[in-house]
Amino acid sequence: MDGLLEHVWVVLAGFGAGLLTSTVGVASLLSFPVLLAVGLPPVVANVSNTLGLIPAGAGGAVGFRDELRVEPRLTRQVIGLSAVGGLGGAVLLLALPSSVFEAVVPWLILGTCVLVAAQPRISAALRARHGHADRPPRLRLTPVATLFVVLTGVYGGYFGAGAGVMMIAVLALSLDIDFGVVAGIRTTSLMASNIVAGVVFTFVADVDWTVVALMAVSSVAGGYLGARVARRLPATVLRTGVLVAGIVTVVTMLV
């Protein structure tokens with residue numbers, strides 16, 4: 001990746017992915033295709049993308065700082081579980097042949113696109129369910145929810161596109177807390193997964209540090225801005241763009 005135009009595309013991808021980190025939760029579906037388009041091999045693109053988006057999570061955490069104070073014990077628990085999962089995902093990525101990653105990723109992206117498309121229905125169902133006040137609120141993770149939080153962290157460390165949607169679904173289905181709090185915990189916990197995976201990648205993986213630096217600078221701004229507008233931003237246009245990007249990526253990688 002040598003040209004100025006390619007650098008510009010990576011910066012823009014980092015900013016856009018930062019916005020998606022704190023809103024829709026599918027940042028890598030924007031940034032990963034761009035890194036492939038500028039010539040990075042799939043595994044190098046994935047590793048560099050993970051490291052480059054860590055600042056996006058940090059920016060989102062600052063933007064969601066009020067929400068993160070609401071359930072501090074739960075927040076710490078989900079962050080810890082996601083970090084453990086991120087370590088497992090990083091180990092899987094490095095232990096398995098790159099051909100496995102290249103074969104699996106298109107289907108992971110396709111599955112994520114389905115989740116993104118279904119997100120409005122999931123959210124509507126959850127809002128309807130929260131309308132029932134005849135039982136005490138659920139504020140602790142069940143064993144099943146704990147398992148799925150860890151698995152989402154594993155997915156985040158392995159690839160991560162759509163991990164935000166998955167975490168939203170897990171937390172919102174298993175807990176009775178405000179959606180803004182869920183979004184804050186989602187953003188921060190997946191940052192923890194990325195940090196742990198990123199530490200592993202730094203020492204043992206092939207990283208494009210130019211890409212990491214460019215994405216880091218722009219993604220932190222996108223993450224903060226996304227958190228501040230997350231409650232008001234209509235997600236329809238973003239969701240449509242994510243679906244288009246995901247489908248194009250799947251077709252590109254399978255052809």
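A cavity here is a set of points, on a 1 Å grid over the protein atoms alone, where a 1.4 Å probe fits but cannot get out. Grid points are joined across faces, edges and corners, and a volume is the space filled by probe spheres set on the points. This is a predicted model, so local features need pLDDT of at least 70 and side-chain atom pairs count only at pLDDT 80 or more, while totals for chains, interfaces and linings use all residues. Residues are numbered from 1 along each chain as its sequence is written, and side-chain values use heavy atoms, with hydrogens and water left out.

**View 1. The largest cavity and its lining.** The structure holds two cavities of 30 Å³ or more, and the largest has a volume of about 230 Å³. Its lining (residues with an atom within 4 Å of a point) comes to 21 residues, with Thr 21, Ala 27, Gly 160, Leu 190 and Asn 194 nearest the centre. Helices α3 (42-52), α9 and α10 (179-204) each chip in at least two lining residues, and α10 gives the most, with five. Helices are DSSP runs (H or I, at least four residues), numbered from the N terminus. Sorted by class, the lining has eight nonpolar, 12 polar and one charged residues. For that tally, Ala, Val, Leu, Ile, Met, Phe, Trp, Tyr, Cys and Pro are nonpolar, Asp, Glu, Lys and Arg are charged, and the others, Gly among them, are polar.

**View 2. Phe 32 meets Phe 159.** Five aromatic pairs turn up in the whole structure. One of them is Phe 32 with Phe 159, edge-to-face at 5.1 Å centre to centre and 80 degrees between the planes. Phe 32 sits in helix α2 (residues 28-37) and Phe 159 in the loop between α8 (143-158) and α9 (163-174), so the pair ties together parts 127 residues apart in sequence. Rings of Phe, Tyr and Trp (its six-membered ring) pair if their centres lie within 6.5 Å; planes under 30 degrees apart are stacked, over 60 edge-to-face, and the rest tilted. Both Phe 32 and Phe 159 are buried, and they share one aromatic cluster with Phe 101, Tyr 155 and Tyr 158.

**View 3. Around Ser 189 in helix α10.** Ser 189 counts as buried because its relative accessibility is 0%; the cut-offs are under 20% for buried, over 50% for exposed and partly exposed in between (1.4 Å probe, protein chains only). Neighbours within four places in sequence aside, Ser 189 is in contact with Val 78, Ile 79, Ser 82 and Met 167, where contact means heavy atoms within 4.5 Å.

How values were computed: On a 1 Å grid over the protein atoms alone, a cavity is a set of points where a 1.4 Å probe fits but cannot get out, and a pocket is an open set with protein on both sides within 12 Å along at least five of seven lines; lining residues have an atom within 4 Å of a point.
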